[in-house]
Amino acid sequence: MKFRDLGRLEGDLLIFGGPYSNLHALQALDQIAAEYPAKNVICTGDIVAYCADPAACVALIRTRGWTVVAGNCERQLQVGADDCGCGFEDGSVCDLVSRDWYAFAKARINSSDRAWMAALPDGIIFENRGQQHAVLHGGATDLAAFIWPTSPAEVFEAEVAAIGTPVDVVIGGHCGIAFEKQVAGVTWLNAGVIGMPPHDGHQQTRYGRLSESGFSVEILDYDYQGAAAAMGNAGLTGGYDGALVSGNWPSEQILPLELRKQSVGIEPHRRHKICRLK
Ligand SMILES: [Fe+2]
């Protein structure tokens, strides 16, 4: 995994993951990002995924010059692969609903975009307020690793060791759920994603701010009805269009048992605290 060292970033940071081709959400985030220097706006990858506007999302981010690490979707698209690289089990709901949007996106990303994606780093290292930070998409052992708030400490320890340089803070993405956790000798942050709600029954999505007072997960209000309508117009009606409106993912297969709404036999007090709407 290739890390790019940005040196020192001064001041507050805006952190977001997973635009997922959701231009309506990205435009809402763009309004907030205007408060920050471009390099202090950090995207944890997966610019392109489920929604209707892959090319426009890539174009907006390229224009802004924000700091971006590659997601598995960028890595797959840059080489013209046949799937999103999430590693979903063949024939699973996640696998089936991903086939349509991936083919749709692949047909709309041009050679210039693919070359830009290929030049994105796998990870980023920087200093902010005297602390060393690493930004990853999924993990350092595997760019597409799903690191959940409930993952065992050994998982976090392996990921931190794989970064290969001492860090105080790790900023991850990919799993779609925002969380903050003290583990493996670091503060592990995930700002969630802006392009899809966090499976909590609400339409709003998530981004993060890192400031002198710490990390905060923020709620992104945006035109979800417009985003869902754009998906309908594009023929992307496999399930994620409904998720924008219902606030719930089309499948829980990728989620650990304790994070599923349908989980059985796990008392509510044992569920790990994650960042949901109050
Ligand atoms: Fe991802």
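## His174 and the iron site

His174 is buried, with a relative accessibility of 6%. In this predicted model, His174 is one of the protein donors of an iron ion. Its donor atom there is ND1. The other protein donors are Asp46 through OD, Asn72 through OD1 and His137 through NE2. These donors lie 2.0 to 2.2 Å from the iron ion.

What is the geometry of the site? The site of the iron ion is irregular. The angles among its four donor atoms run from 83 to 147°. A tetrahedral site would need all angles between 85 and 135 degrees, so this range does not qualify.

## How the site links the chain

The donor residues are spread along the sequence in the pattern D-x25-N-x64-H-x36-H. Asp46 sits in the loop between β3 (41–43) and α2 (54–64). His174 sits in the loop between β7 (169–172) and β8 (179–183). The pair therefore ties together parts that are 128 residues apart in sequence. Asp46 counts as buried, at 3% relative accessibility.

## The whole chain

The protein chain has eight helices and 11 strands. Of its 278 residues, 55% are buried. Long-range contacts are well represented: take the contacts between residues at least 6 apart in sequence, and 71% of them join residues at least 24 apart.

## Helix α5

Helix α5 covers residues 111–118. Which of its residues are buried? They are Asp113, Trp116 and Met117. These residues cover an arc of only 100° around the axis, which puts them on the same side of α5. They pack against α2 and α3 (72–78).

The N-terminal end of α5 has a cap, Asn110. A side-chain oxygen of Asn110 lies 3.1 Å from the backbone nitrogen of Ser112.

## Helix α7

Helix α7 spans residues 224–233. Its buried residues are Gly226, Ala227, Ala228, Ala230 and Met231. What covers them? The cover includes α1 (23–33) and α8 (240–246). After α7 comes Gly235. The phi of Gly235 is positive, near 80°.

## Two positive phi angles outside glycine

Tyr20 is not a glycine, yet its phi is positive, near 55°. Tyr20 lies in the loop between β2 (13–16) and α1. Is Tyr20 buried or exposed? Tyr20 is buried, with a relative accessible area of 5%.

Arg129 also has a positive phi near 55° and is a residue other than glycine. Arg129 is found in the loop between β5 (123–128) and β6 (131–135). With 41% relative accessibility, Arg129 counts as partly exposed.

## How far to trust the model

The mean pLDDT of the protein chain is 91. A pLDDT of 70 or more is reached by 90% of the residues.

Where does pLDDT stay under 50? That stretch is residues 263–278. For these residues, the model has 29 contacts beyond four places in sequence. Where pLDDT is low, the predicted coordinates should not be read in detail.

Key: Residues are numbered from 1 along each chain as its sequence is written. Side-chain values use heavy atoms; hydrogens and water are left out. Donors are N, O and S atoms within 2.8 Å of the metal (3.2 Å for Na, K and Ca); water is not among the atoms, so sites may look incomplete. Four donors count as tetrahedral if all angles lie between 85 and 135 degrees; four count as square planar and six as octahedral if opposite donors are over 155 degrees apart and all others between 65 and 115; anything else is irregular. Helices (H or I, at least four residues) and strands (E, at least two) are DSSP runs, numbered from the N terminus. Buried means under 20% relative accessible area, exposed over 50%, partly exposed in between (1.4 Å probe, protein chains only). pLDDT is the predictor's confidence in each residue, from 0 to 100. Contact means heavy atoms within 4.5 Å. The arc is that of the directions from the helix axis to the C-beta atoms. A polar contact is a pair of N or O atoms within 3.5 Å; within protein, one must be able to donate a hydrogen and the other to accept it, and residues adjacent in sequence count only if both atoms are side-chain atoms.
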